[in-house]
Amino acid sequence: MSEEREYYGNARLKGHGKYTKDLMERGIKYVEFRSIDVNPFDQFGLSRQQAEFFRLFFMMLVWLDEDASEADIERGMTMNEQVASEHPFAETAFQAEGLHLLEKMIEVAEFVEANDKAQAEIAFVQSALMDPTKTYAAQIVHEIEKSSYIEFGQLLAQKYKQLSTAEPYRLRGFDDLEMSTQLLMSDAIERGIQVEFIDRQDQLLKLSVANHVEYVRNGNMTRLDSTISHFLMSNKTATKRILAKSGFKVPGGAEYRSLTEAMANYPRFADKPTVIKPKSTNYGVGISIFKQGMSESSYKEALEIALAEDETVLIEDYIAGTEYRFLVIGGVCRSVLLRQPANVIGDGKRTVAELIAAKNQDPLRGEEHRAPLTKIECGQIERMVLKEQGLTFESIPDKDQRVLLRENTNISTGGDSIDVTDDVDPSYKRIAEAMTRTMDVQITGIDLIIPDIHKPSIVNQPGYTLIEMNYNPAMNMHAYVYKGKGRRVTQDVLNLLFPELPARSN
């Protein structure tokens, strides 16, 4: 004897109550299927392709629209036991019935326009019914015969351990999301915060603890920052004007709305260290830096690159020094990164293109913000930067020669991240925190040029220059760094949103 709620059968109806009669009165919420065998050839025990197959199979059961008597159920249980006891290499006694059901599944698949994975699994099951050596059971027996049951299990365990640790930053099953969103979700789930998708494609999450609900986009955009604050930070001119009036140091420069207008002012910038970038952009897109002035052709090319991203281009003084990213959350500087521009180190043997390909093999590097670091591209900007160094993608750099592929330091354009949070003088953290109060923002990434992070900044001799503030700063580059200590700053976002929970450090 057991309680109704403790019943575990092959299929279990789940509703809003504890008892079977509640299903009649309040309906079925979902059906729980408990007779699916584990697939040892998939690291999760069930492949996505199999899951799609089962979805179609259950849809097919509804499609058939047939009732089953008690006798039918008993016969089905007997058949199930008989199939389970059949030899792995023998054709099943119910091959014809299996093929008939698969034909019905094909009809369903065509009707609902099922994806290729589901249809491929149907084709596999059809072939396995005709040739039992293809079944998972037969494959297991074959592998055991080659070694032993224990050795086969150990090989699989080692393989899956390697797969699970190769990319520790990934939240399995959510690889399509940006890294910042994956990290926030992972931390939220671990802390018992309920996570729901409002719009998966738009990276929009609903987080809730009891009756406390928060909405987060891209892993760090919350109600705590206003729309106008995001607009001001995306407008680099507006950011500089506001902060300059409050006494912060910003670079000089000008803005132009057309290529013709900017080209007419080429003599003003020709021999000056200069930065050319779109007025409103993110992730370092469209930025060109010239430390020694530039030719008119390079100037024009940089303008065209920037104007492709925005209708207005900024031309600013290049500030000598090193660029650092200060991540401020809730008025406190949580992390400081030194970001090195995309680069490769020569070995005297391989071309620049080959060195880029080798560096891109790092498991921390990916594309479209799906990894902590970004793969280095071989594009127009990289070609132009190489040209300024007298190189091409086919050049072979000397051993230990550092070759720049970008001048801007953004991780999103292939840069390297190095944590210096514990090394920077506290005065710079206070400056970054003061900037967030001036701009009235809670979560932002502030880029400062600092010649010497160990030398304090004082009012009469500021040791920094503001480059920009970012309203959607990447979280992943702080959590998984190229060098130094990684800091789980998504925990700080959750601490800020849910102060009623015990705080977690990064």
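This passage describes the nonpolar cores of the structure and one of its sheets. The model is predicted, with local features requiring pLDDT of at least 70 and side-chain atom pairs counting only at pLDDT 80 or more, whereas totals for chains, interfaces and linings use all residues. Residues are numbered from 1 along each chain as its sequence is written, and side-chain values use heavy atoms, leaving out hydrogens and water.

The largest nonpolar core (a set of buried Ala, Val, Leu, Ile, Met, Phe, Trp, Tyr and Cys residues joined through side-chain atoms within 4.5 Å, where buried means under 20% relative accessible area with a 1.4 Å probe and protein chains only) has 26 residues, and those with the most contacts inside it are Phe-326, Met-435 and Ile-446. At least two residues of this core come from each of β10 (322-329), β11 (332-340), α16 (426-439), β17 (443-450) and β18 (465-470), helices (H or I, at least four residues) and strands (E, at least two) being DSSP runs numbered from the N terminus. The most is given by α16, with 6 residues. Apart from this core lies another, of 21 residues, including Tyr-299 and Val-385.

An open sheet is formed by 3 strands in the order β3-β4-β5, with antiparallel pairing, two strands being paired if DSSP finds at least two bridges between them. Its edge strands, β3 (194-199) and β5 (212-217), each pair on one side only, and the twist averages 25° from one strand to the next. Between β3 and β4 (residues 204-209) there are 5 bridges, and Asp-199 stands opposite Leu-204 in β4.

Notes: Buried < 20%, exposed > 50% of the residue type's maximum accessible area, 1.4 Å probe, protein only. Axes fitted to C-alpha atoms, helices over the stretch in contact; angles between N-to-C directions.
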